[in-house]
Structures are given as C-alpha cells and as structure tokens.
Amino acid sequence: MITITNPVLTGFHPDPSMICVGEDYYIAVSTFEWFPGVEIYHSRNLRDWELAARPLERTSQLNMAGEASSKGVWAPCLSWWEGTFYLIYSDMKNTGVFYDVHNYLVTATDIQGPWSEPVYLNSSGFDPSLFHDQDGRKWFVNMYSDFRTWKIRFAGIVLQEYSEKEKRLVGQPKTIFQGTVARTTEGPHLYQRNGWYYLFCAEGGTGVRHQETVLRSRSITGPYELSPFTPLITSWPYGENPIKRAGHGSLVEGNNGEWYLAHLCGRPVEGRHCILGRETAIQKVVWENDWPRLAGGTSEPQAQVQVNYPDAPRSEGYFGSWRDDFSGKEWDRHFQTLRVPMGQKASLEERPGWLRMYGRESLESFYEQSLLGFRQQHFYVEAETKVEFQPVSHQQMAGLTYFYNGSCFYYLYVTRDEEKGRVLTIMRKLPEEFDMPIGVGRSLPEDGPVWLRLTVKEKDAQFSYSLDGHVYEKIGPVLDARKMSDEEGPGRFTGAFFCICCQDISGRKQAADFDFVEYRILDNEQEEKS
C-alpha cells in the first residue's frame, strides 16, 4: 500500500477528468486562457504524476486571441474507447448575460498525439462530456444555459447522441436532470455499472459550497433518482479540514480493483485565499447498494488516502524544483503562453544558450504578448531569472512578473527613465488600483545583466535583485500574495503564475535576452510535505 497526499496535482489544476487504460491513469484539467490548451497528466500509482501532453497545441484547434481572462478552455472530458482517446472541451468566449461557448471533440490513438483537428459539437452550454455505451452508441452531455431572467441560468443537464460516422450530434437534446437545491448544476459525467447508468454533476458553485451530486437510472435517458449519499463529496460542513471547495468529480475503476474519485479542491491561505488556484485531489470510493460513496463513510475529503499499489520511492517529477538554461531546442515543459502560441515573438536560436524575447503589447493585452508563464505549485517558493535588456524608452520593459491575469499582477522590470537612464522598478496592478510603489526605481549600470528574484511565503511576496548573481538586495515592499487568488474578484478561475516577459508598446519590438529560469521549493514547504 502507498499513501497519496492530497492534492496530487498542486497549483491551478481544476476540473479533473480521470480515466484508467491498462496500467495507466490519465487526468485532464482545464487551462482557461493559457496555451497550449488542456493538460493531461499520467501516473501508474495515483501518487506520482507527470505531464503527458498538452493536446490543443495548434490555433486551428484553439484560438483564444481576444478572449478575456478566465475564459478559454473550460472543463475538458477525457475518455478512451477501442484504442482511441477522445477529448471533449469548451472554448468559452463570453460570460456576460449570455454564455457564448463552443464545444469540440479531438481524438488521438496515442496520448502524446498527434491530436486531430476539432469536430464542432454544439454551443448550448459548457462542461461537455462524452460517454461510450456498451452497445457502441455514444452520448454527449453538457450543462444547459438559460439567459431569461425568470429562469434558472444553470438550467440542467442535457443529453444527446453523438454519431461518430457523421461526426455530429444527432437527434434532439433531452434534459435528464434539472439540479437540486444546491443549484449551479454543471460538470456532468456519465458512467455505467451493474446495469445502472450514473450521472455525476458538480453543484453549489466552485467556491466554498461546492459539491458533487450523483444520480442513477436503468435507462440512459432517465428518469434519474438522487443518491441517498448526497452530496458524494463536499468541504462545506467540515470547517477544520484544510481541503476546501471539494467538488467537480470524475469517477474511475482502477486496475487494482478499487474505485477512485478525482475532484477539484482548494487550499486557502488564512482561511479564504486559494493562491494556488483550484487543484486536483483523489479519494477512494466504495459501493453500497449500488450507490457510490467515499470510503471514509462521510462526504468529507481526506488529506491522505491509502491506495493498493506497491510502495516505492516518491518521485516529485513535474511537481518538484526545476531549472531551464535555454540550451535546448525547446523551452521547459512548465512554460505556457497566453491565448496563442509564442510564434516569432521569441527565439532560442538568435543567441544560443539564451531565450530572446521580442517586446509586444502590455500585460493587460488579450492579444499579442511576449510572455512565458509557469504555475506556482507550492506555498513556499522562489522564482528567479537573469535578463539582459537595453531599453531606449520607458515604453520598453522586460523582467519577472507575479501574475494572476491582465488586471492583477506585480511586475519587477528593467526600463529606461529620461533622467536616470536604465532603471529597475516595480509595477503593481490590482483590479481597483494601479501604482508604482518605488516610483522611478533604482538606477542600473547602462549595460550588463540583472538577476531578478521573487520569493513567496504563503501570503507574502518579496522581489529582490542582484548585479552579480551572488549578492541580492530586496526591492520594494512586501506584496500581498493573496491578491493572486480567485477570491479577490468575480469570475476568476485560474491561479498564480510566475512569468518572464517583454513589452514594447512603442511598436519597435525591442528584444530582451533571458539566460535561465529557476523554480525552487523552499525549506518550509519541504518540511510540511515530510
């Protein structure tokens, strides 16, 4: 037996969809505005996970240019049938009065691809899912949205058949569940066991009242009855439990005879702020009178779960410390861009051993940014880089940013001032505030590299810099890391990122060179994990 410690996917890994294929487990998670779209992780023991693929890697599959923050890829569904992987995903364009969202299907025979061009399915709501019935038919479900003021906006779950031959939905959609009093019914998945069809739904919103609801029917079209063990999982009644926001689950039968639920969760700092975003945890599931329930006998998520696999040394892998010296043909797998590929905005060939990044639009832009971001996956961590940059205007900037979205970030950057020459300064952008807390900043030598560092310890974030890579000096005030959380604004669904970036809002495309990026877990986090 081994013990898994939740969450298993730390730092902005929401809406998990888990499957088991032979000896292999896979979990697909939402990526929202970050590109490439959808992340798929792989494990053989449910404890040690590695990034296996980001399947939506072409703009022909996913083009999010112009989409606002926390739009883009919502709640993918990964499935497998007769040698083929199926990935269903939403591309959310707008969440105003209306939900402008489009649902697609891509396939591959290998999890690492190549993945197909997308098949358009529908636009009636988000959180789509595909079910492969034993008789060979395929069924598609999604939440159904209703904008009419006298109706419930989350109007229930609709079912429709998918024709693989015709590559489209066929027949008429049928509402199979309208939700419980918990409301906000979304995230549907269908399963089959012992002659029963099971409908899993997320309810209660994705905040503190989040939960997973289960129903069953002898017919896939219903009627469905509600489980007596409702909710299957929630954190709401368990105030002392450090795992909050539990819900949006995905059921899988393991290859070891056990059943598991992968689910969304969050770990707030000071009881409220989930700086690391919504994460993925795993619980053991048992069956009672053909109903699933958590192995612990209640709906409470467990921080530690024993699973029936041989004990082995733990591998941090993707979730450990890492460094990229930009010496290869591709940058590190931790990096993602915003909305679209980097394309010609960056090069690893112009200056071997460095990443050259050409300045584009501001950090507020929904279009052309020169930015590479990587998730904050730990509460105690340092991110560091070394940059060479020769700006000729205050409109040219390059450096290291602590980033939630275009309206919420802290930015330590090299720029130029008309009087002081090349300077290092800080920009603080919050939803209702913009300032530069150290004003024009600190003067720098007219040439040469600058080392930039950000140290985060739970709620506190501190920038520092060095001119030789050995002696570091703090710069600016202690910044509030809690601002980088979903809870600091409506409609925020991602998490904190560290990013290297370059802007030239004069349009001259001034370039900055980055020598390395390093992500280091600090001792406090290591002590907590042990």
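Me: In this predicted model, in what order do the 4 strands of the open sheet with β20 to β23 stand?
Reply: The sheet is open and has 4 strands. Their pairing is antiparallel. The order is β20-β21-β22-β23.

Me: Which strands stand at the edges of this sheet, and why is one side of each left without a neighbour?
Reply: A strand with a single partner strand has one side without a neighbour in the sheet, so the edges are found by looking for such strands. That applies to residues 244–253 and to residues 291–294. The edge strands are β20 and β23.

Me: By how many degrees are neighbouring strands of this sheet turned against each other on average?
Reply: The angle is taken between neighbouring strands, with direction ignored. The average is 35 degrees.

Me: How many bridges join β20 to β21, and which residue in β21 stands opposite Leu 251?
Reply: β21 covers residues 259–266 and runs antiparallel to β20. The two strands are joined by 7 bridges. The residue opposite Leu 251 is Leu 261.

Me: Which residue meets Arg 245 in a salt bridge, and how many residues apart in sequence are the parts that the pair ties together?
Reply: The side chain of Arg 245 meets that of Asp 486, at 3.2 Å from N to O. Arg 245 is in strand β20, while Asp 486 is in the loop between β38 (473–480) and β39 (497–504), so the pair ties together parts of the structure separated along the chain. The partner is Asp 486, and the separation is 241 residues.

Me: Are Asp 486 and Arg 245 buried or exposed?
Reply: Buried means under 20% relative accessible area. Asp 486 has a value of 5%, and Arg 245 has a value of 4%. Asp 486 is therefore buried, and Arg 245 is likewise buried.

Me: How many salt bridges does a search of the whole structure find?
Reply: The pair of Asp 486 and Arg 245 is a salt bridge. A search of the whole structure gives a total of 44.

Me: What is the N to O distance in the salt bridge of Arg 323 and Asp 325, and what are the relative accessible areas of the two residues?
Reply: The side chains of these residues meet at 2.8 Å, N to O. Arg 323 is partly exposed, with a relative accessible area of 41%. Asp 325 is also partly exposed, and its value is 36%.

Me: Which residue forms a salt bridge with Lys 345, and where do the two residues lie?
Reply: Lys 345 lies in the loop between β26 (337–338) and β27 (346–347), and its partner in the loop between β28 (355–358) and β29 (370–375), so the pair ties together parts 23 residues apart in sequence. Lys 345 is buried at 5% relative accessibility, whereas the partner is partly exposed at 33%. The closest N and O atoms are 3.4 Å apart, and the partner is Glu 368.

Me: Which residues are joined with Arg 323 and Asp 325 into one network?
Reply: The network arises from salt bridges that share partners. Besides Arg 323 and Asp 325, its members are Glu 382, Glu 384, Arg 453, Glu 518 and Arg 520.

Me: Which strands are at the edges of the open sheet β7-β8-β9-β10?
Reply: The 4 strands of this sheet have antiparallel pairing. An edge strand here pairs on one side only, as is the case for residues 72–81 and residues 119–122. The edge strands are β7 and β10.

Me: Which residue in β8 stands opposite Cys 77?
Reply: β7 and β8 (residues 84–95) pair in the antiparallel sense over 8 bridges. Opposite Cys 77 stands Ile 88.

Me: Why is strand β3 largely enclosed by the rest of the structure?
Reply: Asp 24, Tyr 26 and Ala 28 point one way from β3, and Tyr 25, Ile 27 and Val 29 the other way. Both groups are buried. The strand is largely enclosed because its buried residues number 6 of the 6.

Me: Which residue in β5 stands opposite Ala 28?
Reply: β3 and β5 (residues 39–43) run antiparallel and are joined by 5 bridges. The residue opposite Ala 28 is Ile 40.

Methods: Residues numbered from 1 in each chain as written. Predicted model: local features only at pLDDT ≥ 70, side-chain atom pairs only at ≥ 80, totals over all residues. Heavy atoms only, no water. Pairing = 2+ DSSP bridges. Axes fitted to C-alpha atoms, helices over the stretch in contact; angles between N-to-C directions. Salt bridge = Lys/Arg side-chain N within 4 Å of Asp/Glu carboxyl O. Buried < 20%, exposed > 50% of the residue type's maximum accessible area, 1.4 Å probe, protein only.
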